Every structure is written in C-alpha cells, then in structure tokens.
2 protein chains.
Amino acid sequence: MTTTSTGGPLWLTDEEQSVWRAYLHATTLMEDHLDRQLQRDAGMPHIYYGLLVHLSQAPRRRMRMTELAKDAKITRSRLSHAVARLEKNGWVRREECPSDKRGQNAVLTDEGFEMLARSAPGHVDAVRHAMFARLTPDQVASLGEIMQVIATGLQPEGVDADLPWLR
Amino acid sequence: MTTTSTGGPLWLTDEEQSVWRAYLHATTLMEDHLDRQLQRDAGMPHIYYGLLVHLSQAPRRRMRMTELAKDAKITRSRLSHAVARLEKNGWVRREECPSDKRGQNAVLTDEGFEMLARSAPGHVDAVRHAMFARLTPDQVASLGEIMQVIATGLQPEGVDADLPWLR
DNA sequence: GACCTTTTCTTGAATATTGAACTAGATAGA
DNA sequence: TCTATCTAGTTCAATATTCAAGAAAAGGTC
C-alpha cells in the first residue's frame, strides 16, 4: 500500500472520511450553539465563560494568569485580552501576586460569581440537551474514552505526568 | 429529583462532567493543532482550507455563495470576508451567476487546486495521526454514530430531509 | 555582585469573526 | 403593472484572536 513519510496510509478510508466529516460537522454546530446560548444568556462567548468556571473552582477563586491559560488551553496573550474584557464587565479583577512581582492573579469577583450562578443552569441544560440527552450510557462512556485518547495524543510533550485532564 | 424547566435533571452526573471536560479538551486541542498545521503548510486557517475542499468537490469547482456557506456551516457574512481573502491569495475568484444577477459563484482557481493538491497529504496525515491512528475500529465506528446523533440534534429545523452530512 | 537566560505578562498590529444594516435583484399577489 | 416582501450577498463597526515584540522580575552561574 502507498504510505506517507510517517508510515501511515496516504488517504483516509471511506468510513474514516465519513466519520471525520461528522466530527467536524458536530463539533462546529456544538461550538456555535453554545457560543450563541452564552452570548444571549450571559453576554460572553463560550471560552470566556469557561475562564470564569475555572476561576470559580480554584481555591479562593483566583489563579495565576499562566496557570489559568494552561488549564483553559489558550495562549497567555489571548488570556490577557480576555481578562481585560472580563475586568471591564466587573466579573474578574487582577491582583498582584505577593510571591512573584511579575505575576498576576485573576480573581473572580462576587459579581462574576453571581453571574455564573445565574447562567450555569441554562448552560448545563444546553449541554445536556445537545449531547447527553441524545446518547445511550454506552455511548457516553465510549465518547469519554475516545476524547481522552485524542486529547492525550495532542497534549504537548512533557506535560504533567498526572494527567490533569482526568481530574 | 430536582428538574429544570425543560424536564431534565439540573446538573450533569460526575461521569457526564468528566466526559464533557474531555470533549472540550480534545476538540480544542484538535482545532488548534489543525489550525497550526494548515497555517504553517498551506498559509490559511482550517476553516478556509475547508472552503477550498468544498469547492474542489463541487461540479465545475464552483458554488453559489449561499450554498457554500450552508455546506461549510458558516454565515454568509463570514464567507464574504473569507472569499475576499482567498481571492487575494489567488486561490478563489468570484464569478457572476448567469441565472440570478444577485448571485455570485465562488470558483476554485487552478492555483487554488494545486495548492490543495500539495497540502492535502500533509493535512490528511495530521488528521490520521491525531485521531484515526489512535482509535480501534470499534471506536471509529462509535465516534461516527455519536457525532451524527449530536449533529442531527443541533441541525437547524427544516433542513434537507436527505441528511446531506451523510453523503 | 555581574551577567546571561528564562519566565511572566502585556502590548500593538494584522487578521478574523460577529451581528446589524444595507443594496440590488427576484418573486408573488393585487 | 405596481407594490410589498423575500433572498443574495456585501459592508461596517465592534469584538476577538494571533503572532511577534517588549518590559520587568526571577533564577542561574561565575
């Protein structure tokens, strides 16, 4: 069989192509759906909402910028811009880090927390209706395994050995 | 059990939460990975590449703007901007539609086709290595079913009854 | 301490995306 | 035909993202 420089076959099989199209289609629609839902109900895109969720789960509702960026899988640059926006909304504030003068903590404000508390049920609802309500328990389990395999494979080298995305 | 206005349970189960995190994590990493790969090897983001692929598969390598936007699941506005950019690169050109003077066809140029031919193997490789090479045949089949269920559920109402994404 | 490298975070410019407003042409009904 | 409405596509302004460059502090090493 014809192979590539990396040893795999050159093209995808028909089934793989069809799965790939379905994957692209579903993930695109899901992201659009949640972006719209959150823009409407919480006034921000999905990724910004995710930042607030991360902060809400951190001890004392605050995190170093770099740690937050790592957890949320975005660049520090993007996070800087995002936090600036969330700060304008009053949902996050920056705080100097006592132990490292270069550092900043992003802190979820009470306003931010309340906003999250208000919008979380609607968001969870959207996720459940779009995904979990439509899948059998076996499919949910299978999806979880598959997504972990993919994430592990794409994870940058040398990442924490304790598989943080399993927490 | 506490339920929402739509009748579902209020929160996700622990397993669902973990699957949802894995889903977000994997899809984010995948999109970033492919965006970088294509930006590096083809000089454009994933979605733009997808537009060229769509055109390459259309009869006479051309499509009405609205049809292309629908197939690629993006807004007409976004498509207008994207085609303007691809036109600058010489990979697409616009052509008036003979049957409807409002209409435009986006046409894949020969240059565009050659660029696609050059970069497709690398892209397919990236997709295979990130996804299919890591999954068992059962997992591939399962992923396909799951993604179709999700896509079908999010599909706007009144869409073509012949499930175009299965083609 | 002096020097070099690394880490942390921000900034600015270029690009991309969104949503609303808009133009031109098509369509349908009187 | 006249008019109202709808559709195709673009444009603008506001927002978001990327990438490269930069400032400031920390961490080595001599």
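This presentation describes a predicted model of two protein chains with two DNA strands.

Good morning, colleagues. The model is predicted, so local features require a pLDDT of at least 70 and side-chain atom pairs count only at pLDDT 80 or more, while totals for chains, interfaces and linings use all residues. Residues are numbered from 1 along each chain as its sequence is written, chains are lettered from A and ligands numbered from 1 in the order in which they are written, and side-chain values use heavy atoms, with hydrogens and water left out.

I begin with chain A. Its secondary structure amounts to six helices and three strands; here helices (H or I, at least four residues) and strands (E, at least two) are DSSP runs, numbered from the N terminus. Read from the N terminus, the order of elements is α-α-β-α-α-β-β-α-α. Chain A has 167 residues, of which 44% count as buried; buried means under 20% relative accessible area, exposed over 50%, and partly exposed in between, with a 1.4 Å probe and protein chains only.

Next, the strands of chain A. Strand S3(A), residues 104–108, is mostly covered, with four of its five residues buried. Two strands pair if DSSP finds at least two bridges between them. Strand S1 of chain A, residues 62–64, pairs with S3(A) in the antiparallel sense through three bridges, and Arg64(A) stands opposite Asn105(A). Strand S2 of chain A, residues 92–96, is joined to S3(A) by five bridges, again antiparallel; Arg94(A) has Ala106(A) as its bridge partner there.

Following S3 in chain A is a loop that leads to helix H5 (110–130), and Thr109(A) is placed in that loop. Is Thr109(A) buried or exposed? Thr109(A) counts as buried because its relative accessibility is 14%. A polar atom of the Thr109(A) side chain lies 2.9 Å from the backbone nitrogen of Gly112(A). For such polar contacts, the criterion is a pair of N or O atoms within 3.5 Å; within protein, one must be able to donate a hydrogen and the other to accept it, and residues adjacent in sequence count only if both atoms are side-chain atoms.

In chain B, strand S3(B), residues 104–108, is mostly covered, four of its five residues being buried. Three bridges connect S3(B) to strand S1 of chain B, residues 62–64, in antiparallel fashion, with Arg62(B) opposite Val107(B). Strand S2 of chain B, residues 92–96, runs antiparallel to S3(B) and is joined to it by five bridges; Val107(B) is the bridge partner of Arg93(B).

I turn now to the DNA, beginning with strand C. A residue is near a strand if one of its heavy atoms lies within 4 Å of it. DNA strand C is surrounded by 21 residues, the closest being Thr66(A), Ser80(A), Arg94(A), Arg102(A) and Arg78(B). Of the strand C atoms that come within 4 Å of the protein, 61% belong to sugar and phosphate. Which part of DNA strand C is 2.3 Å from an N or O atom in the side chain of Arg94(A)? That partner is a phosphate oxygen. Arg102(A), by contrast, places a polar side-chain atom 2.4 Å from a base oxygen of strand C, and an N or O atom in the side chain of Ser77(A) is 3.0 Å from a base oxygen of that strand. Helices H3 (65–72) and H4 of chain A, together with H2 (46–57) and H4 of chain B, each give two or more residues to this surface. By class, the surface divides into three nonpolar, eight polar and ten charged residues; Ala, Val, Leu, Ile, Met, Phe, Trp, Tyr, Cys and Pro count as nonpolar, Asp, Glu, Lys and Arg as charged, and the others, Gly among them, as polar.

DNA strand D has 22 residues around it, and the closest are Ser77(A), Thr66(B), Ser80(B), Arg94(B) and Arg102(B). Sugar and phosphate make up 67% of the strand D atoms that come within 4 Å of the protein. Ser77(A) has a polar side-chain atom 2.5 Å from a base nitrogen of strand D. From chain B, a polar side-chain atom of Ser77(B) lies 3.1 Å from a base oxygen, and an N or O atom in the side chain of His81(B) is 3.1 Å from a base nitrogen. The surface near strand D comprises four nonpolar, eight polar and ten charged residues.

Thank you for your attention.
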